[in-house]
Every structure is written in structure tokens, then in C-alpha cells.
Amino acid sequence: MSTETNHARDNAQSWAQTIADMMAALAPDAGCDDAQEAIQEAPLSVEVRSGWYSPGAELEAVEYQILLSYGGPSLRITGQLGAHGEAGTAHMEYQDWGTPWTRYHPAHGEPLFDSHNADVLTFAQQFYFAE
């Protein structure tokens, strides 16, 4: 029986640990003065997009994407924006060449299983998505 390595999922798992470490460094008692700067410098890009509107209507951002790695493998955080331009939801998605975007969930028993969703949302909330 052959076990094939999923490099895109491995990349997501590694980033999940990095994000957890960054969130731990944000804690007031962590003593890490440059934690916020490290978070702001981590993404390759931060983007927003609007929903469906009638022609001529003013566009408003409703979704965001934080691109963390690109190519083979790629990783992004996507979600819906709240009423004040903040991340309201957050999901990590990974992709490799020729594969669709797949939502990352740590498997039961993996490190970060209990804290992953909260850490990813807290990470995304460190960015401002409104004008």
C-alpha cells in the first residue's frame, strides 16, 4: 500500500502551527514586542471583493482573502467581513498544482485541533479590510 505525501496539506499544517505561535506571541505576557509586525509581514497579499450588486450601486467589500503561499503548494485564509470591515469568519484553504482549493481542518489528535479555528480568526482579525 502506497502512502502519497500531500505537500499542500503539509504546508497548511505548518502554517497553522506558525499562526498559533504568532497568536501566542500576541498575548500581553508573552513579551514579544514585534509580534504584530511579524503578522503584518506574513501574507503575500491581502485582498477583498464585493458581492452581487445592481449596476451603478456603490460596491462594498464582503469577502476577504489573505494569501500566505502561492504556487505548488498554495495557502490562503478566506472569510466573510463583518459590519465594520473586520474578519467575521476565517478558513484556511490549500491547493497544489491541478487540484481544487480544499478547506484545511486539523485531524482529531493533531496538534492545534482544539485551537485552530480561533487562532486563524484571530490572525485574520489583525488586518483591516475597509477603506
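Start with the hairpin made by β2 and β3: four residues sit between the two strands, and in the turn Gly71 has a positive phi of about 110°. Keep in mind that this is a predicted model. Along the hairpin, β2 and β3 pair in the antiparallel sense, with six bridges between them. One of those contacts is easy to find by eye: Ile66 has Ile77 as its bridge partner in β3.

Now look at what else Ile66 is doing. Ile66 is also the bridge partner, in β2, of Val46. That takes you over to β1, which runs antiparallel to β2 and is joined to it by six bridges.

Side chains add to this strand picture. Two salt bridges turn up in the model. Let's take Arg49 and Glu63 to begin with: their closest N and O atoms are 2.8 Å apart. Arg49 belongs to β1 (residues 45-50) and Glu63 to β2 (residues 61-69), so this salt bridge ties together parts that are 14 residues apart in sequence. How open to solvent are the partners? Arg49, at 55% relative accessibility, counts as exposed, while Glu63 comes in at 23% and counts as partly exposed.

The other salt bridge joins Arg76 and Glu93, and here the closest N and O atoms are 2.7 Å apart. It links distant parts of the chain, with Arg76 in β3 (residues 74-80) and Glu93 in β4 (residues 91-95), 17 residues apart. Are these two buried or exposed? Arg76 has a relative accessible area of 16%, which makes it buried, because the cut-off is under 20%. Glu93 is buried too, with 12%.

Several of these charged residues show up again around a pocket. The second largest pocket holds about 180 Å³ of space. Its lining includes Arg49 and Glu63, as well as Arg76. Which strand gives the most to this lining? That would be β3, with four residues, though β1, β2 and β3 each supply at least two. By residue type, the lining has two nonpolar, six polar and four charged members. Among the rest of the lining you can pick out Tyr64, Gln65, Thr89 and His91.

The largest pocket has about 250 Å³ of space. There are 13 residues lining it, and the closest to its centre are Glu60, Ala61, Gly85, Ala130 and Glu131. Its lining splits into seven nonpolar, three polar and three charged residues.

Finally, the aromatic rings. Searching the whole structure gives three aromatic pairs. In one of them, Tyr94 and Tyr104 have ring centres 6.5 Å apart and planes at 70°, so the pair is edge-to-face. Tyr94 is in β4, whereas Tyr104 is in the loop between β5 (102-103) and α3 (116-124), so the two rings tie together parts that are ten residues apart in sequence. Both are tucked away from solvent: Tyr94 counts as buried at 11% relative accessibility, and Tyr104 counts as buried at 2%. Another pair brings in Phe123 and Phe127, whose ring centres are 5.6 Å apart with planes at 65°, so these rings are edge-to-face as well. Phe123 and Phe127 are both buried.

Note on methods
Residues numbered from 1 in each chain as written. Predicted model: local features only at pLDDT ≥ 70, side-chain atom pairs only at ≥ 80, totals over all residues. Heavy atoms only, no water. Salt bridge = Lys/Arg side-chain N within 4 Å of Asp/Glu carboxyl O. Buried < 20%, exposed > 50% of the residue type's maximum accessible area, 1.4 Å probe, protein only. 1 Å grid on protein atoms, 1.4 Å probe; cavity = no way out; pocket = protein on both sides within 12 Å on 5 of 7 lines; lining within 4 Å. Points joined across faces, edges and corners; volume = space filled by probe spheres on them. Nonpolar A, V, L, I, M, F, W, Y, C, P; charged D, E, K, R; others polar. Pairing = 2+ DSSP bridges. Phe/Tyr/Trp six-rings, centres within 6.5 Å; stacked < 30°, edge-to-face > 60°.
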